[in-house]
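Visitor: I've got a few minutes before my gel is done. Can you walk me through this one?

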Amino acid sequence: MKIITPALTALALAMAAPAYAEHHAPAEAGAPAEFPMTPQGAADWVAMVEADLASFSNRAQKVAWINETYITDDTEALLAEVSAEGTEKSVKYALQAAKYAQVEGLDPEVARKLTRLRTGIVLPAPTTEGSAAELAKIATSLSGQYGKGKGTLDGQPISGSDIEAEMGNMSHTPEQFAEMWTSWHDQVGAPMKDEYVRMVEIANQGAQELGFADAGAMWRSNYDMSADDFAAAKEQLWEDVKPLYMALHTYVRWKLNEKYGDAVQPKTGPIRADLLGNMWAQEWGNIYPLVAPEGAGDIGYDLTSLIEEKGLSEKDMVKVGEGFFSSLGFDPLPETFWQRSMFTKPADREVVCHASAWDLDNKDDIRIKMCIKRNGDDFVVIHHELGHNYYQRAYKEQDFIHLDGANDGFHEAIGDMIALSITPEYLVQIGMLEPEQVPGAEKDIGLLLRQALDKVAFLPFAHLVDKYRWGIFDGSTAPADYNTAWNQLRLDYQGIVPPVERPDDAFDAGAKYHIPASVPYTRYFLARILQFQFYKAACDAAGWQGPLHRCSFYGNKDVGAKLNAMLQMGASKPWPDALEAFTGSREMSGEAMIEYFAPLMEWLEEQNKGKPQGW
């Protein structure tokens, strides 16, 4: 689920397809004459940049919207043009920001904006002649290779989207899972390695020109602390929630052993990566039928059926989502939202159906773009996307560079927090569920296990993806060790192993989209932690007394006021300030997630008695 904001458009158009402008090379040697290398000169330069980027982003946003809602050769050409222009601006301003960042006595807010300008490019090319073009060529090649990638099933070629779906089809045999896993990693990952090695070399040179030790340090420098301190803080977050994952791992391993036997999945040691219902073993929800607790059954109601019974249209479903925020005291969505959003797939043209939230003008032109289906999944997604929209509108008065979440995990976490709030109690409050239909406590373990298979199982994977790349960027992982390091991290953190022996010269990491596409992954890890921290803060403010996972804060305007106090800060303050405004804490913590899943943890410990933990 994507978020589109003006600041992100202007500063990060290059992230998806880094097509750096050819005349990147002749960067200015010093400051523009009208903006001297002084604290005031830096402040004036930043103000000029913000004005330019704000104007550009309004135009770029409209072009991007048109392309995603009306895909033609012409709209793709227009988007390519504006993307190239945005890239040129990003590169030029990042290089100049690196020079101003060295000025002594900078105003803290100016220094913060300079950092955001420098870290707005994921793959920075150095000014060396030809480097930008080479980096663009490699980045495009890697993305193209992934997009065209195929594996095999029963010896027949199968595309990426299809093979991903088939990995979640529990009717396949272990041999079929192993074939799909191995063929995908061999045919997609391995051929990328040499180009990836060269891409790292160029990006590191670019990061060093921007004042960072390497590209990984640059990625970690956007979290209001030193790169090393952030890496340590992230590791601690993982340690906070690790016991929950370990208990889940032990239980799932035992159930897989019952299903497949010792020859396929032993009772001890790591889990075979291809048996977890996902190509990357990152989320395990597809295997719920194999591991569901006895007697879990249905939960007493079906959200899709409730939508049908109430006769809700696609637009009605969005209205229900708006009502959640209105109950907290937020203003109704503007009329333009209803006029300009895309709620259903048009019959007469191609569109990008992937759900996304948009802010086109940093005023009130917020929209969502979805091909809504009248089912429970999309009902949840609508609430999530509206979380982005209300965040966007809350910080609209901030300066341009601050039009974003407090850190890159915040925006997704807000949407996820709202999605967590779709509890049976909430459905009763809005008249979609009768009180007698609320499932009893005996259903809680099944519900929580289903949640944990996605949200808890995801944590170690989300943590290690960037940890792996940081090691590549800083040189501690040499090219000859790329595959060994990847599979060692997967073993150390996830307790999983490939279904077959992997050659040292493979590049299994390249079989995960975010690696060849160079999309930082830390945001997803932070969002999984923060959503529970935000959710608990809201429930505490509402005076909720029951189990955390059943909490509803619908209708509580005190919660809304506290939430808005955080949202309206945008990225204008260090993220601990924003976090404190809502939760009262200045530290990200896994404690709320642990509390949410406490009943499941108690049950898992009972199930796991006598069974070895770890690998």
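Guide: Happy to, and one term up front: buried means under 20% relative accessible area. Keep in mind that this is a predicted model.

Visitor: Is Leu567 buried or exposed?

Guide: Leu567 is found in helix H22. The cut-off for buried is under 20% relative accessible area. Leu567 has a relative accessibility of 1%, so Leu567 counts as buried.

Visitor: Which residues is Leu567 in contact with, leaving aside its neighbours within four places in sequence?

Guide: Contact here means heavy atoms within 4.5 Å. With those neighbours left aside, the list for Leu567 is Phe330, Tyr390, Tyr391, Ala394, Tyr395 and Ile414.

Visitor: Okay, cysteines next. How many disulfides does the structure hold?

Guide: One joins Cys353 and Cys371, and another joins Cys539 and Cys551. Counting bonded cysteines along the chain, the pattern is 1-2, 3-4. The number of disulfides is 2.

Visitor: How many residues apart in sequence are the parts that Cys353 and Cys371 tie together?

Guide: The sulfur atoms of Cys353 and Cys371 sit 2.0 Å apart. Cys353 is in the loop between helix H14 (335–340) and strand E5 (356–359), while Cys371 is in the loop between strand E6 (366–369) and helix H15 (376–394), so the parts they tie together are 18 residues apart in sequence.

Visitor: Which of that pair is buried, Cys353 or Cys371?

Guide: Cys353 has a relative accessible area of 31%, so Cys353 is partly exposed. The other partner has 12%, and that falls under the 20% cut-off. The buried one is Cys371.

Visitor: And the link of Cys539 and Cys551: is the disulfide left-handed or right-handed?

Guide: Again the sulfur atoms, of Cys539 and Cys551, are 2.0 Å apart. Cys539 belongs to helix H21 (residues 522–541) and Cys551 to the loop between H21 and helix H22 (557–567), 12 residues apart. Both cysteines, Cys539 and Cys551, are buried. The torsion about their S-S bond is about -105°, so this disulfide is left-handed.

Visitor: Back to H15. Which residue caps its N-terminal end?

Guide: H15 has 19 residues and reaches 28 Å from its first C-alpha to its last, close to the 27 Å expected. Of those 19 residues, 17 are buried, leaving H15 mostly covered. At the N-terminal end, a side-chain oxygen lies 3.3 Å from the backbone nitrogen of Asp377, and the residue providing this cap is Asn375.

Visitor: What about the strands? Which residue in the turn between E2 and E3 has a positive phi?

Guide: Strand E2 (residues 150–153) and strand E3 (residues 156–159) pair in the antiparallel sense over 4 bridges. Among the bridge partners, Thr152 goes with Pro157 in E3. The two strands form a hairpin with 2 residues between them, and the turn residue with a positive phi, about 55°, is Asp154.

Visitor: Last one: how far apart in space are Asn204 and Asp474, C-alpha to C-alpha?

Guide: Asn204 lies in helix H8 (residues 193–209). Its relative accessibility is 11%, so Asn204 counts as buried. Not counting residues up to four places away in sequence, Asn204 touches Asp214, Ala215 and Phe473. Asn204 and Asp474 are 270 residues apart in sequence, and their C-alpha separation in space is 8.5 Å.

Key:
Residues numbered from 1 in each chain as written. Predicted model: local features only at pLDDT ≥ 70, side-chain atom pairs only at ≥ 80, totals over all residues. Heavy atoms only, no water. Disulfide = S-S within 2.5 Å. Buried < 20%, exposed > 50% of the residue type's maximum accessible area, 1.4 Å probe, protein only. Pairing = 2+ DSSP bridges. Expected span 1.5 Å × (residues − 1). Polar contact = N/O pair within 3.5 Å; in protein donor to acceptor, adjacent residues only side chain to side chain.
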